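The following report describes how the parts of one protein chain are arranged and how some of its helices pack against each other.

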Amino acid sequence: QSQLRKDLLDAFTNAGEAYLSGQRIAELIGCSRTAVWKHIEELRKEGFELEAVRRKGYRIVRTPEKITADELRLGLKTNFIGKNVHYEESVESTQKIAHRLAYDNAPEGTVIIAEEQVSGRGRMDRKWHSPKYTGVWMSIILRPNIPLPKAPQLTLLAAVAIVQAIEDLTDLLPEIKWPNDILIRGKKVTGILTELEAEADRINSVIIGIGINVNPTIEDFPSELQEIATSLFVEKGEKVSRSDLIKRIFMNLEKLYLLYLEEGFLPIKLLWEGYAISIGRKITARTLSNSITGTAQGITDDGVLIMVDDHGKTHHVYSADIEL
Ligand code: BT5
């Protein structure tokens with residue numbers, strides 16, 4: 001943090017409830033008014049809420065809600081998911097840290113949460129926009145004793161846990177687009193990235209990366225995402241507590257995961273189908289090598305997408321990008 005930023009925060013701290021004019025701040029911290037304005041915009045981007053009143057100046061009305069370990073522990077009723085949390089301010093990608101911890105034998109349920117990712121990633125090396133303080137960017141380590149081909153089921157399981165958590169905390173109606181997107185009113189609010197470490201055909205760990213846009217405004221998204229992305233705040237019109245959301249996800253995920261280990265994918269599949277939007281619709285599935293247009297029939301008991309193309313031929317799609 002720059003000295004100017006520290007001085008600016010000190011100035012606001014000393015002013016208490018009083019407003020500080022741009023001119024006054026410039027004098028206090030010894031910079032130009034343009035620089036003051038720039039720093040204030042940066043504070044806003046980091047999640048500070050500033051009230052600006054003509055002729056009076058600025059006042060901080062709310063500081064960014066940081067996720068603290070204490071806050072996450074309070075009221076968390078799980079046995080293993082989220083019991084061991086690594087909390088980071090800024091990382092390249094929580095996935096990267098999770099892979100390392102998984103390799104170092106971190107216990108099942110270990111979670112890495114970051115306030116910001118500077119190179120957050122999606123599938124196939126795409127970028128995941130993960131700005132400071134406004135989202136949930138986390139990776140969860142699981143160690144299921146299941147055959148390798150079943151690992152993608154965990155993406156669907158995680159999607160159900162997240163959708164249920166959003167429903168628990170808001171009156172929004174999120175939907176799942178196979179395999180890994182959660183949409184609200186057709187726009188992406190969450191992406192899931194499931195990766196695994198395996199030796200031969202034995203799974204050592206599954207790392208579920210979850211990115212949720214919680215409190216950004218539409219203007220906070222880069223322009224290329226403004227048409228396709230949304231946040232819980234944009235949809236609900238009110239901020240949502242990130243730590244409450246995380247705790248809900250931990251609880252739902254643990255419950256579904258235990259059910260899955262006990263009874264297999266079927267109960268998860270039934271829940272998943274209740275939220276799926278692509279099923280029964282005409283879609284295009286793009287993979288690296290080709291693209292198939294047809295009607296999505298549903299998913300198999302393994303979580304694989306079934307499509308029937310225009311010639312009546314059935315396709316099993318293991319991984320793809322879906323266009324509705
Ligand atoms: C995903 O990939 O949707 C998986 C995203 C997983 C992110 C989490 S955050 C914690 C963990 N650590 C990581 O580094 N990653 C995981 P995919 O289906 O490939 O979608 C990527 C596409 O979504 C991009 O090409 C953009 O078009 C779009 N996108 C990028 N950032 C977005 C955002 N914040 N909200 C909505 N859409 C976004």
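In this predicted model, helices α6 and α10 pack with their axes 10 Å apart and at an angle of about 60°. At that angle, which is neither under 35 degrees nor within 65 to 115, the two helices α6 and α10 are therefore oblique to each other, and their crossing is left-handed. On the side of α6 the contact is made by Q153, L156, L157, A159, V160 and V163, while α10 contributes I268, L271, W272 and Y275. Sorted by class, the residues of this contact between α6 and α10 comprise 9 nonpolar, 1 polar and no charged.

Both helices also have a part in the domain arrangement. The domain assignment of the chain gives domain 1 as residues 3–62, domain 2 as 69–274 and domain 3 as 278–323. The centres of domain 2 and domain 3, taken over C-alpha atoms, are separated by 24 Å, and the contact between these domains takes 12 residues from domain 2 and 9 residues from domain 3. On the side of domain 2 that touches domain 3, the elements that give two or more residues are α6 (153–169) and α10 (266–275), and α10 gives the most, with 3 residues. By class, that side of domain 2 holds 7 nonpolar, 1 polar and 4 charged residues.

Turning to the chain as a whole, its secondary structure comes to 10 helices and 14 strands. The radius of gyration is 22 Å, close to the 20 Å that the globule rule gives for 324 residues, so the chain is as compact as a globular protein of that length. Along its principal axes, the C-alpha trace spans about 70 × 45 × 35 Å.

Helix packing can also be followed among α1, α2 and α3. Helix α1 (residues 3–15) and helix α2 (residues 22–29) have axes that come within 10 Å and cross at roughly 125°, which makes α1 oblique to α2; the crossing of this pair, α1 and α2, is right-handed. The contact is formed by L4, D7, L8 and A11 of α1 together with I25, L28 and I29 of α2, and these residues of α1 and α2 divide into 6 nonpolar, no polar and 1 charged.

Helix α2 also packs against helix α3 (residues 33–45), at an angle of about 100° and with the axes 9 Å apart, and that angle makes α2 roughly perpendicular to α3. Here G22, Q23, I25 and A26 of α2 meet R33, V36 and W37 of α3, and the contact of α2 with α3 divides into 4 nonpolar, 2 polar and 1 charged residues. Residue I25 of α2 is named in the contact with α1 and again in the contact with α3.

The packing geometry of these helix pairs is set out below.

| Helix pair | Angle | Axis separation |
|---|---|---|
| α6 and α10 | about 60° | 10 Å |
| α1 and α2 | roughly 125° | within 10 Å |
| α2 and α3 | about 100° | 9 Å |

Two backbone details in loops remain to be noted. The peptide bond from W178 to P179 is cis, with omega near -5°, and P179 lies in the loop between β6 (175–177) and β7 (181–184). Residue N105 has phi near 70°, a positive value in a residue other than glycine, and N105 is found in the loop between α5 (94–103) and β4 (111–117).

Conventions:
Residues are numbered from 1 along each chain as its sequence is written. This is a predicted model: local features need pLDDT of at least 70, side-chain atom pairs count only at pLDDT 80 or more; totals for chains, interfaces and linings use all residues. Domain bounds come from an automatic or database domain assignment. Two residues are in contact if their C-beta atoms, placed from the backbone, lie within 7 Å. Helices (H or I, at least four residues) and strands (E, at least two) are DSSP runs, numbered from the N terminus. Ala, Val, Leu, Ile, Met, Phe, Trp, Tyr, Cys and Pro count as nonpolar, Asp, Glu, Lys and Arg as charged, and the others, Gly among them, as polar. Axes are lines fitted to C-alpha atoms, for helices over the stretch in contact, and angles run from 0 to 180 degrees between N-to-C directions. Angles under 35 degrees count as roughly parallel, over 145 as roughly antiparallel, 65 to 115 as roughly perpendicular and the rest as oblique. A crossing is left-handed if the near helix is turned anticlockwise from the far one by less than a right angle, and right-handed if clockwise. The radius of gyration is taken over C-alpha atoms; the globule rule is 2.2 Å times the number of residues to the power 0.38.
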